[in-house]
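Q: Please take a close look at the contact between the two chains, and then at what else can be read from the model around it.

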Amino acid sequence: MSASDHLIPVVVSNVVEVNPIIKRFEFKHVNGDELPAFSGGAHIVVEMLDDGTKRKNPYSLMSSPFERDQYAISVRRDDTGRGGSKFMHEQVRPGMEMKISAPVNLFSLDLRAKKHLMIAGGIGITPFIAQMAQADKLGVPFELHYAARSVSQAAYMDSLADRFGDHVSCYCDDQGEGVDFETLLSSQPLGTHVYVCGPKGMIERVVETATHLGWPAAHVHFEHFLAPPVGEPFEVHLAKAGIDITVGAEQSLLEAVEASGTPINCMCRGGACGQCETAVVACDGEIMHNDHWLDEEQRASKQLIMPCVSRFRGKRLELDL
Amino acid sequence: MTIQFKDESFRGDFSYANSPSNIPRFPFPFPEDEYMYSTNIEPHHAARAGSPFENAFDVDEHYVAEMKDRALVLAEDPGRCQALPHMETAGWDFVELVMVSKARDYPDLFKLTIDGDRWHWINKPLQIDDTFTFGDSSTLPCHPMEYIGRQVQGDHAILDQRDGNLWLDAGIITAQADWSLDFDVGMNFFEWHAPVPLAHELGVFQRALKFLLTLPQGQPSRRLNWTLTVNPRLDTSPENYPKWGPDRMTVTPENIGEKVHLRVELQTFWRLPRSNAILFPIRTYLMAMNEVVTQPKWARRIHRVMRDLRPELVEYKGLSRYHPILVEWLSQFDDGAPTSPGIFPD
Ligand SMILES: Cc1cc2nc3c(=O)[nH]c(=O)nc-3n(C[C@H](O)[C@H](O)[C@H](O)COP(=O)(O)OP(=O)(O)OC[C@H]3O[C@@H](n4cnc5c(N)ncnc54)[C@H](O)[C@@H]3O)c2cc1C
Ligand code: HEM
Ligand code: FES
């Protein structure tokens, strides 16, 4: 069983070009029904039928959790990618029918927090837009620090500043601005929780700074927009199914297993939720663990793999599928 | 189908009993002739018309009486219903889930009319007709969890999810099998399960937690758990131990069939949408051994399960005092014939 077995049929109600690299897509239920309620930080998995290839990418919901008649996501175009975001940018038009999963939240607000401190980099802004609507309605103090490469790429910066005023601080690299994490994190009231979503390096710096300043780990939350990395093609034997499959260079192991018709669980497709965890029966070679789920010990044991993002190089890989 | 609600008691004269037609729909908890802990979780799909798995929240002939018993417990001990301050949103999620499900599944008993934030709720069996503003607790007589918890059979715990764990941060618990909300409130999944023997070593809890942390919205799961209770008493809480502990001394070979009850918990797991919390209903079904053995398959199987039960489980479930008498009594119904797989009667 996996979240993407229960898809919701939607119609694209609007496509908005936010800036040259980001588009916003709005969805309504095909029957006009209400969509499921959700909490800020949740994402949906969007199924894309691209000329015979089925792609499934997770995108954070940026619409208000209190709005049930439509959902909105924003997608950054990634020309080096395998094409999911390119498909969204080039093929998806208003009126088109698509399928999405129910919302899943792996990045929720800690509702005990006395204050929410949000740090966004680039497209990492999306989950915070929904979280701010939620925090605002619950009446809990929050503050957003939003950094972008350039003014022209800073999606929603102006509208967020208009809507939430002092709660929002903006920084653009091309203006020579940047967030001073040390000062920011050392000047927060007790009971504050910090949330960060953005490029890998930014997440690492925030987590390191917070740890260094003695923040409890439970008060530090982050989400990687991890895309399944591409690599060399490789062969895998699926022990239960008794078949050999080939994982293409631009395909994830999860996608290759799905394409073979072998059942496998999944949810986030981004190495975070743990659903796709699969036992390794035999491994002669090296597993490239790209997930955020397994710990060091589990990785070293070579007994588990997360097929949604991890790959293999070597002689033989046999999985318990 | 209209349900005839029974006027009965779970204390004092213990007039509780199952009607003959209610017996075959009992959620018998043993799919095989032996029992051991496992991560026995399956999708909570609608299954088998007439069974307790048919609807999201099963309503049966004991509904009204159970709600009266809950009100008695809460009047004596308000500590049975507790919610930490951050659990209000989850309380509203619970209200929505129950009202929407019951109005859909039992339209002749419950009616919900939604007009924006204005909700109108009619609960015919309990004679409730209320209008309130969804999300505004000042428009309800009490906390949303308590309001709806008084209108749905079974205990309900609500688990907050954070730091890769679940936290027992709210609950309305008046019919529990010997555990205390007041003691467990604020604990995490491993802490509140600490007293359970054997299951930790089997990795049952590790696997169950991983599963629950990624439980998706709209795809609830369920499992069955069981114990035995002397007399059809719902409130077997540690707080009340002096009232029910001594009952175990009253079991004799003559009265065992009517005194000892199989107590089954239909536990379900629901991801709540606005709070990202998990709702954990623990719905208790009670059936006297005399009623169990009316189904030949169940009679044979329960004898085998009880006879071969691991001593650690006999001890943990508090059966030691009367376990040998029970096995002896049950043996008269077991002719050694094979039993069919699954829990439903033949
Ligand atoms: C929980 C979650 C939420 C997300 N929310 C959002 C959101 O709100 N908005 C959004 O825009 N995205 C979001 N993402 C990311 C999104 O799901 C996709 O991963 C992203 O759109 C890229 O998809 P793609 O199909 O275009 O490219 P993919 O093929 O999936 O991405 C491939 C990536 O691999 C790298 N790559 C590709 N080819 C090569 C090569 N030859 N050599 C080296 N490296 C290469 C590139 O860095 C590229 O980014 C989210 C991800 C997760 C896990
Ligand atoms: C998330 C919601 C859950 C809650 C709130 C919960 C709560 C409890 C509590 C309070 C007890 C009694 C412990 C004691 O003796 O004090 C218990 C027992 C137990 N729980 Fe859970 N539990 C949950 C989920 C699960 C799941 C998913 C499993 C899956 C295997 C499980 C397996 C068990 C077992 C095997 C016992 C021992 C029961 C017995 O022998 O009577 N629980 N649980
Ligand atoms: S699908 Fe979530 S970790 Fe692989």
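A: What follows begins with the contact and then turns to the salt bridges, the enclosed spaces and the metal site.

The model is a predicted one, and every value below is computed from it. The contact draws on 25 residues of chain A and 17 residues of chain B. Between them, chain A and chain B bury about 1,900 Å², and carbon and sulfur atoms carry 52% of this area. On the side of chain B, the residues that lose the most area to chain A are B:T214, B:Q217 and B:Q219, which together make up 29% of what that side buries. As a general point, the accessible area lost when the parts come together is often used to give the size of an interface.

Charged side chains also take part, and in general side chains of opposite charge can pair when their charged atoms come close. Between chain B and chain A the count is 2 salt bridges. A salt bridge links A:R68 with B:E96, and their closest N and O atoms are 3.5 Å apart. Over all chains, a search of the whole structure finds 36 salt bridges. A:R68 is placed in the loop between β4 (53-60) and β5 (71-76) of chain A, while B:E96 belongs to helix α2 (residues 88-105) of chain B, so the pair joins two chains.

The next topic is empty space. The model holds 7 cavities of 30 Å³ or more, and the largest cavity has a volume of about 110 Å³. Of the 13 residues that line the largest cavity, those closest to its centre are B:A56, B:F57, B:D58, B:T268 and B:R283. Strands β9 (260-271) and β10 (278-288) of chain B each supply at least two residues of this lining, and β10(B) gives the largest share, 3 residues. Sorted by class, the lining of the largest cavity has 6 nonpolar, 5 polar and 2 charged residues.

Last comes the metal site. The iron atom of ligand 2 has a single donor from the protein, the NE2 atom of B:H193, which is 2.0 Å away. B:H193 itself sits in the loop between α5 (189-192) and α6 (204-213) of chain B.

Definitions and conventions:
Residues numbered from 1 in each chain as written. Chains lettered and ligands numbered in written order. Predicted model: local features only at pLDDT ≥ 70, side-chain atom pairs only at ≥ 80, totals over all residues. Heavy atoms only, no water. Donors = N, O, S within 2.8 Å, 3.2 Å for Na, K, Ca; no water. Helix = DSSP H or I, 4+ residues; strand = E, 2+ residues; numbered from the N terminus. 1 Å grid on protein atoms, 1.4 Å probe; cavity = no way out; pocket = protein on both sides within 12 Å on 5 of 7 lines; lining within 4 Å. Points joined across faces, edges and corners; volume = space filled by probe spheres on them. Nonpolar A, V, L, I, M, F, W, Y, C, P; charged D, E, K, R; others polar. Contact = heavy atoms within 4.5 Å. Buried area = accessible area lost by both parts, 1.4 Å probe. Salt bridge = Lys/Arg side-chain N within 4 Å of Asp/Glu carboxyl O.
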